[in-house]
Amino acid sequence: MNPLDAAGLPAGLDLAAVVAEQPYPLVFATVSGAHLYGFPSVDSDVDLRGVHLLPVAQLIGLGEPAETRTVMADRDDVEMDLVTHDLRKFVRLMLRRNGYVLEQLLSPLVVHRTPTYAALVDLAPRVLTRHHGHHYRGFAATQRRLFDGTGQLKPLLYTFRALLTGIHLLRTGRVQAHLPTLLAAERTPTYLPELIAAKRTAEHGDLGDLVSRDVLDRDLRRLAERLDEAQQDTRLPEQPSAIAELDALVVDARLAACGAAR
């Protein structure tokens, strides 16, 4: 089965048409957010992420190009937002221990792909470092503060997901953003499936009395400690090893887009 068909996306939403409407050619587009993480609700918006190629003329003049495009719209009665970066910016983010862009690149929910996308995927393992632990620790802390302020399930599940993705990455060298899959791959609190099921009914639903705050505090503290231990023990390197290859990929893609050669 196509992963897009199993992701809980709204029926009838034509994401390929969204891709076709973009003003710059896309290198790839994937679905991110709650649909990627495995806990969409019935009223979740759709987060589409990707990479575009700016025309050379916008890069070689005196002005600073806008390297990120954001489009928010209602499509087929579904709230959707599309965020794409120019290829050069995206690769720079890849090299800055940014787990978020790697999750977008490696998302199995692929809407549009090109040979350049395939090359990026092939090089992705060589940008992983032990320092990606910092990304997931910081992201989890931000989401925990949101949960503490709102009591909503969404930031709580994002907190668990970030910690478990970080632990799994540092332990195995693989980026896994899908929380239900992580439940089978890592030691996790037994109540998480219940929280996922509860979140499906409402995007901004509250935790209520599903789990006590004392239990949450204990379990999140233990996961944070496991993330620290995984970062200390990981076999991932200190620095990425694919810098030269990624630089060549950006140059070749840009030259090919304008019909030039090295």
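## Exercises on helix H8 and its neighbours

H8 and H11 are roughly parallel to each other (an angle under 35 degrees). The model is predicted, so local features need pLDDT of at least 70 and side-chain atom pairs count only at pLDDT 80 or more, while totals for chains, interfaces and linings use all residues. Residues are numbered from 1 along each chain as its sequence is written, and side-chain values use heavy atoms, with hydrogens and water left out.

**Exercise 1.** Describe how helix H8 packs against helix H11.

*Solution.* Begin with the general principle: two packed helices are described by the angle between their axes and the distance between the axes. Here H8 covers residues 153–172 and H11 covers residues 213–233, and their axes lie 8 Å apart at an angle of about 25°. Next, take the handedness: the crossing of H8 and H11 is left-handed (the near helix is turned anticlockwise from the far one by less than a right angle). Then look at the residues in contact (heavy atoms within 4.5 Å), where H8 contributes, among them, Leu 156, Phe 160 and Leu 163, and H11 contributes residues including Leu 216, Leu 220 and Arg 226. Sorted by class, this contact of H8 with H11 holds twelve nonpolar, three polar and one charged residues.

**Exercise 2.** Describe how helix H8 crosses helix H10.

*Solution.* The axes of H8 and H10 (residues 192–199) come within 10 Å and cross at roughly 135°. That angle makes H8 oblique to H10 (neither under 35 degrees, nor over 145, nor 65 to 115). The crossing of H8 and H10 is left-handed, and the residues of their contact divide into nine nonpolar, no polar and two charged.

**Exercise 3.** Decide whether Thr 165 and Gly 173 are buried or partly exposed.

*Solution.* Start with Thr 165, which has its place in helix H8 and is buried (under 20% relative accessible area), its own value being 0%. Leaving aside neighbours within four places in sequence, Thr 165 is in contact with Glu 103, Tyr 136, Gln 176, Ala 177 and Leu 182. Turn then to Gly 173, found in the loop between H8 and helix H9 (179–185); with a relative accessible area of 25%, Gly 173 is partly exposed (from 20% to 50%). Finally, follow the chain onward from Gly 173: Thr 234 is 61 residues apart from it, yet the C-alpha atoms of Gly 173 and Thr 234 are separated by 8.5 Å.

How values were computed:
Axes are lines fitted to C-alpha atoms, for helices over the stretch in contact, and angles run from 0 to 180 degrees between N-to-C directions. Helices (H or I, at least four residues) and strands (E, at least two) are DSSP runs, numbered from the N terminus. Ala, Val, Leu, Ile, Met, Phe, Trp, Tyr, Cys and Pro count as nonpolar, Asp, Glu, Lys and Arg as charged, and the others, Gly among them, as polar. Buried means under 20% relative accessible area, exposed over 50%, partly exposed in between (1.4 Å probe, protein chains only).
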